[in-house]
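Open the model in your viewer and keep the selection tool at hand. Each stop below says what to select and what is there.

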Amino acid sequence: MYVSPYNGINEKDWLKKTQSLINDHPIDKEQIVDVVLNSWNAIFQSNIGGYSIGKHIFPSPQNMAFLLHDLIPLKLSDIYSGTFVRGETKEQKDLHHTSDVSLSVEIKCSSNPNQIFGNRSYAQPDSGSGVKNKNGF
């Protein structure tokens, strides 16, 4: 059974807990940035039927998110072979840690410049409104 790392922690201490989780995670923050940027580059260097994305083909934000949602875990599972794999079942997160599920990661993509929307894949009701962070995003 999953237990939230925020369980029993006062809400005012959530930021500190989040920073701790990020700092303790085995995937380096710079590695994530590199993989995301490389994934974007891979999309724009791809072609379909001889046509280039961004030059001839202009996918919707949802289609771009679909591609990133698959490319990022694939690239990270190549780098961390045997430790992380792309999630294949509904019970697994998008990037699944093979020995410690608490280190598994969800990939989030959004075209909304002001809001971050929750994950509906965990049976959360769709409220229709996102959550803004302290910076208005």
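**Stop 1: an aromatic pair**

Select Trp14, which counts as partly exposed at 37% relative accessibility. Bear in mind that this is a predicted model. Now add Tyr6, also to be found partly exposed, with a relative accessible area of 25%. The ring centres of Tyr6 and Trp14 are 5.9 Å apart and the ring planes stand at 65°. Planes over 60 degrees apart count as edge-to-face, so that is the label for the pair Tyr6 and Trp14.

**Stop 2: another aromatic pair**

Next select Tyr80 and Phe84. These two form an aromatic pair that is edge-to-face, with 5.9 Å from centre to centre and 80° between the planes. Are Tyr80 and Phe84 buried or exposed? Tyr80 has a relative accessible area of 18%, and Phe84 has 1%. Buried means under 20%, so Tyr80 counts as buried, and Phe84 does as well. In total, the structure holds three aromatic pairs.

**Stop 3: the largest nonpolar core**

Keep Tyr80 and Phe84 selected, as both belong to the largest nonpolar core. How many residues does this core have? The count is 12. To complete the selection, add Ile27, Val35, Ile43, Ile53, Met64, Leu68, Ile72, Leu76, Leu95 and Ile107. Colour two helices next: α2 (29–45) and α3 (61–79) each supply at least two residues of the core. The largest share, four residues, comes from α3. As background, nonpolar side chains tend to be buried together in soluble globular proteins.

**Stop 4: Ile72 and Ser39**

Pick out Ile72 from the core and show what surrounds this residue. Not counting residues up to four places away in sequence, Ile72 touches Val35, Val36, Ser39 and Ile107. Of these, select Ser39, which lies in helix α2. Ser39 counts as buried, at 0% relative accessibility. What is Ser39 in contact with, leaving aside its neighbours within four places in sequence? The contacts are Leu68, Leu71, Ile72 and Lys75.

**Stop 5: a network of salt bridges**

Clear the selection and choose Asp70, Arg86 and Glu88, which are linked in a network of salt bridges. Start with Asp70 and Arg86: the closest N and O atoms of this salt bridge are 3.8 Å apart. Asp70 lies in helix α3 and Arg86 in strand β3 (residues 84–86), so this pair ties together parts that are 16 residues apart in sequence. Then move to the other link, where the side chains of Arg86 and Glu88 meet at 3.3 Å, N to O.

Which residues of the network are partly exposed, and which is exposed? Asp70 is partly exposed at 26% relative accessibility, and Arg86 is partly exposed at 27%. Glu88 has 57% relative accessibility; the cut-off for exposed is over 50%, so Glu88 counts as exposed.

**Stop 6: a salt bridge between Lys12 and Asp13**

Finally, select Lys12 and Asp13. They form a salt bridge in which the closest N and O atoms are 3.6 Å apart. Lys12 counts as exposed, at 66% relative accessibility, whereas Asp13 is partly exposed, with a relative accessible area of 28%. How many salt bridges are there in the structure? The count comes to three.

Technical notes
Residues numbered from 1 in each chain as written. Predicted model: local features only at pLDDT ≥ 70, side-chain atom pairs only at ≥ 80, totals over all residues. Heavy atoms only, no water. Core = buried A, V, L, I, M, F, W, Y, C linked by side-chain atoms within 4.5 Å. Buried < 20%, exposed > 50% of the residue type's maximum accessible area, 1.4 Å probe, protein only. Contact = heavy atoms within 4.5 Å. Salt bridge = Lys/Arg side-chain N within 4 Å of Asp/Glu carboxyl O. Phe/Tyr/Trp six-rings, centres within 6.5 Å; stacked < 30°, edge-to-face > 60°.
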